[in-house]
Amino acid sequence: MITVMRSLINNALSTHTPTSSGNFKQFVDIFRTLLDGACKLERPKITKRSKTVNPWITDGIITAVEKKHELKKKWAKSIRKNLPEGDPALRKIFTDYRSALKTIVKTAKSSFNSEKILEHKHDRKKTWQIINELRGKTKANTKPSFVIDNEKITNRRLISNGFNKYFNSIASKLNDSLISQQISNLNIPSFLDFLAPSNPNSIYLEECTSEELIRIISELDNNKASDIPIRIVKKVSHIICPMLLKYFNLLMLD
C-alpha cells in the first residue's frame, strides 16, 4: 500500500510547481486524493479497547493502560546512541508495570466470563453463545461513531474534522462569553505590558531545510487527530518534504 502511495505521489507531483499559497491548497488536494485512492479503508477499523467490544474493561484498566503508555514514553525518551536500551531503571519500572497490568487484565476478563456463564448456566443456548464468543466464532460489527448536529457520523475523516473544529472553537467561544459579560471595560493589563521592548530591525529568519522538515515530521505523534494519517505522512516524508520546503520558504518571503 505504501509502495503504491509513493509511486502515485511521485507521478502526480512531477509536474506540480509551487508558486503561491493558493497553489499550496492544490498540493494538499492532490495528496488527499492520492491518499484516499491508495489507503482509504472501505470500513473503519474496530478498536478493541472499548466497553462495547470488551465489556470487562473497567475505567481503572483504561487509566492503567494510559499510565503504561506514559511510562513507555519516558523510557523511550531515554534511549540514546550510547544507551540503546535506555535508562535501566525506567525500563524496569515500565516492564514491571506492564507485566502487572497484563495479569490484572487477564484476571478481569476471566472473572467477567465466569460470571457471565454462571448467570446463564440454565440456558444452554446462551451458554454456547458465550463459549463461541470466547472462541472467536462471532464477528464484531461495531463501528466508531461521532454525533455532529444530532447526526451519527461513522466516516473517520468527518470525525477527525469534527474534533478539530470543536477544539479550535474553544478560544473564540470563551472570548465571546467574556465579551457578553462586559469585562472588556475592566482594567485588565494588555499582553504587551509583559513583553520586553521590541527592536523591529533585529529579526532574521533562516530558510527551512529538508532535514529539518523530515525531523519535525518524524517527531509527530501518530495518535493525534489529523485529516491525513500521520503514519502515512511519515512514510512518504522524503518525497513530499522537497515540495513542502519550497512552499514554506516561498510563503516566508511573501
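Residues count as exposed when their relative accessible area is over 50%, and as buried when it is under 20%. The legends below use these words for a predicted model.

**Figure 1. Lys 102 on helix α4 of the predicted model.** Lys 102 belongs to helix α4. Its relative accessibility is 57%, so Lys 102 counts as exposed. Val 65 lies 37 residues away from Lys 102 along the chain, yet the C-alpha atoms of the two are separated by 9.8 Å.

**Figure 2. Overview of the protein chain and its elements.** The protein chain holds ten helices and two strands. Read from the N terminus, the order of elements is α-α-α-α-α-β-β-α-α-α-α-α. The chain has 254 residues, of which 22% count as buried. Among contacts with a separation of 6 or more, 60% join residues that are 24 or more positions apart.

**Figure 3. Helix α4, residues 88–119, from end to end.** Helix α4 has 32 residues, and at 1.5 Å a residue these should span 46 Å. The C-alpha atoms at the two ends are 46 Å apart, which agrees with that expectation. At the start of the helix, a side-chain oxygen of Asp 87 comes to within 2.8 Å of the backbone nitrogen of Ala 89. Phe 94, Thr 95, Leu 101 and Asn 113 are the buried residues of α4. These buried residues pack against two other helices, α3 (59–77) and α5 (124–134).

**Figure 4. Packing of α3 on α4.** The axes of α3 and α4 are 9 Å apart, and the two helices pack at an angle of about 160°. Angles over 145 degrees count as roughly antiparallel, and α3 and α4 are therefore roughly antiparallel to each other. The crossing of α3 past α4 is left-handed. On the α3 side, the contact is made by Ile 61, Ala 64, Val 65, Lys 67, Lys 68, Leu 71, Lys 72, Lys 74 and Trp 75. On the α4 side, the residues are Leu 90, Arg 91, Ile 93, Phe 94, Tyr 97, Arg 98, Leu 101, Val 105 and Ala 108. Phe 94 and Leu 101, which take part in this contact, are also among the buried residues of α4. An α-helix has 3.6 residues a turn, so residues three or four places apart point the same way.

**Figure 5. Ser 169 between α6 and α7.** Ser 169 sits in the loop between α6 (156–168) and α7 (170–180). With a relative accessibility of 16%, Ser 169 counts as buried. The side chain of Ser 169 reaches the backbone oxygen of Tyr 166 at a distance of 2.8 Å.

**Figure 6. Crossing of α8 and α10.** Helix α8 (residues 210–218) and helix α10 (residues 237–253) cross at roughly 120°, and their axes come within 9 Å. That angle makes α8 oblique to α10. The passage of α8 over α10 is a right-handed crossing. From α8, the contact is made by Ser 210, Leu 213, Ile 214 and Ile 217. From α10, Ser 237, His 238, Cys 241, Pro 242, Leu 244, Leu 245 and Phe 248 take part.

**Figure 7. Leu 205 in the loop before α8.** Leu 205 is found in the loop between α7 and α8. Leu 205 is exposed, with a relative accessible area of 57%. Leu 205 and Leu 253 are 48 residues apart in sequence, and their C-alpha atoms are 9.8 Å apart in space.

Note on methods. Residues numbered from 1 in each chain as written. Predicted model: local features only at pLDDT ≥ 70, side-chain atom pairs only at ≥ 80, totals over all residues. Heavy atoms only, no water. Helix = DSSP H or I, 4+ residues; strand = E, 2+ residues; numbered from the N terminus. Expected span 1.5 Å × (residues − 1). Buried < 20%, exposed > 50% of the residue type's maximum accessible area, 1.4 Å probe, protein only. Contact = heavy atoms within 4.5 Å. Polar contact = N/O pair within 3.5 Å; in protein donor to acceptor, adjacent residues only side chain to side chain. Axes fitted to C-alpha atoms, helices over the stretch in contact; angles between N-to-C directions. Parallel < 35°, antiparallel > 145°, perpendicular 65-115°, else oblique. Left-handed = near helix turned anticlockwise from the far one by under 90°.
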